[in-house]
Amino acid sequence: MSVIAGEIVEPYAAALMSLAQSKDLTDKFAEDVRGLINIMDQSPEFKKFVGNPVIKPEDKKAVVKRTLGEQVDPLMRNFLMLLIDKGRIIFLEQIGKQYLALLRELNQTVLAEVTSTVELNENQKNTIRERVKSMTSAREVEIETKVDSSILGGVIIKIGSQIIDSSLQGQLRRIGISLKTL
């Protein structure tokens, strides 16, 4: 994230967190934010539309209201309207991710980004959750999964800046490096 984006994203995410805490809606807002991020991931057209500076704010508001309906909390809807008014709606995804990071910090939760060759089942996720808890002393572990067949097998777990690579591809790379040093 650029410095300019950081100067925009962090204050808005902090303001959203402050509002959520004052109304005891931190989890509801997190649910709304995840839904919004999902909509933006699933619909590049929607993302382009709300980020387009040429489109009038009133038109953006109408589309956002129609798209979300009653799915999000009224306070979250007001927050989105504010972002449109201030020309900051383009940063919605980054603000949302920063909000989720603040919530994890508040709840002593770490995010484990797990890459595997196949979709993980609940038992596998729970095993990873317990391993990460023991490594980090976090109260909770939130898991974000991604499937990537190029890692050949195993998993790659990223926790903050720490990476645990137990993928077959990673093991082969390490063997290759050790053979080069012989």
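**Close-ups of a predicted helix-and-strand chain**

**Figure 1. Helix α6 and what sits on top of its buried side.** In this predicted model, the buried residues of α6 are Leu92, Glu93, Ile95, Gly96, Tyr99, Leu100, Leu103 and Arg104. Part of that pattern is down to helix geometry: with 3.6 residues a turn, residues three or four places apart point the same way. The cover over the buried residues of α6 includes the helices α1, α2, α3 (44-51) and α5, plus the strands β1 and β2 (140-147). As for length, 15 residues at 1.5 Å a residue should span 21 Å, and the end C-alpha atoms of α6 are indeed 21 Å apart, so the two agree.

**Figure 2. Where α2 crosses α6.** Here we look at helix α2 (residues 26-42) going past helix α6 (residues 92-106), with axes that come within 9 Å and cross at roughly 145 degrees. The crossing is left-handed. On the α2 side, the residues that meet α6 are Thr26, Asp27, Phe29, Ala30, Val33, Arg34, Ile37, Met40 and Asp41. Their counterparts in α6 are Leu92, Glu93, Gly96, Lys97, Tyr99, Leu100, Leu103 and Leu106. Sort the residues of this contact by type and you get 10 nonpolar, 2 polar and 5 charged. Several names from the α6 side turn up in the buried set of that helix too, among them Leu92, Glu93, Gly96 and Tyr99.

**Figure 3. Helix α5, from its cap to the glycine after it.** Asp73 caps the N-terminal end of α5, with a side-chain oxygen 2.8 Å from the backbone nitrogen of Leu75. The helix itself has 12 residues and reaches 16 Å from first C-alpha to last, close to the 16 Å expected at 1.5 Å a residue. Which residues of α5 are buried? They are Met76, Arg77, Phe79, Leu80, Met81, Leu83 and Ile84. These buried residues pack against four helices: α1 (3-22), α2, α4 (57-68) and α6. After α5 comes Gly87, with a positive phi near 70 degrees.

**Figure 4. Arg77, a buried arginine in α5.** Zooming in on helix α5 (residues 74-85), we find Arg77. Is Arg77 buried or exposed? Its relative accessibility is 14%, and the cut-off for buried is under 20%, so Arg77 counts as buried. A polar atom of the Arg77 side chain lies 3.0 Å from the backbone oxygen of Gly69. Leave out residues up to four places away in sequence, and Arg77 touches Lys65, Gly69, Glu70 and Val72. Gly69 therefore shows up both as a polar partner and in the list of touching residues, where contact means heavy atoms within 4.5 Å.

**Figure 5. Two loop residues with positive phi.** First up is Asp24, in the loop between α1 and α2. Asp24 is not a glycine, yet its phi is positive, at about 55 degrees. With 69% relative accessibility, Asp24 counts as exposed. Next is Gln108, in the loop between α6 and β1 (109-116). Gln108 comes just after α6 and takes a positive phi of about 50 degrees, again in a residue other than glycine. Gln108 is partly exposed, its relative accessible area being 46%.

**Figure 6. Gln162 at the start of strand β4.** This close-up moves to Gln162, which belongs to strand β4 (residues 162-165). Gln162 has a relative accessibility of 41% and so counts as partly exposed. Which residues does Gln162 contact, leaving aside neighbours within four places in sequence? The answer is Met135 and Ile157. Ala112 is worth a look as well: Gln162 and Ala112 are 50 residues apart in sequence, with 9.8 Å between their C-alpha atoms.

**Figure 7. Zooming out to the whole chain.** To place the close-ups, the chain has 8 helices and 4 strands. Reading from the N terminus, the order of elements is α-α-α-α-α-α-β-α-β-β-β-α. Taken along the principal axes, the C-alpha atoms fill a box of roughly 65 × 35 × 35 Å. The chain has 182 residues, and 38% of them count as buried. Among contacts between residues at least 6 apart in sequence, 64% join residues at least 24 apart.

Definitions and conventions:
Residues are numbered from 1 along each chain as its sequence is written. This is a predicted model: local features need pLDDT of at least 70, side-chain atom pairs count only at pLDDT 80 or more; totals for chains, interfaces and linings use all residues. Side-chain values use heavy atoms; hydrogens and water are left out. Buried means under 20% relative accessible area, exposed over 50%, partly exposed in between (1.4 Å probe, protein chains only). A polar contact is a pair of N or O atoms within 3.5 Å; within protein, one must be able to donate a hydrogen and the other to accept it, and residues adjacent in sequence count only if both atoms are side-chain atoms. Axes are lines fitted to C-alpha atoms, for helices over the stretch in contact, and angles run from 0 to 180 degrees between N-to-C directions. A crossing is left-handed if the near helix is turned anticlockwise from the far one by less than a right angle, and right-handed if clockwise. Ala, Val, Leu, Ile, Met, Phe, Trp, Tyr, Cys and Pro count as nonpolar, Asp, Glu, Lys and Arg as charged, and the others, Gly among them, as polar. The expected span of a helix is 1.5 Å times one less than its number of residues.
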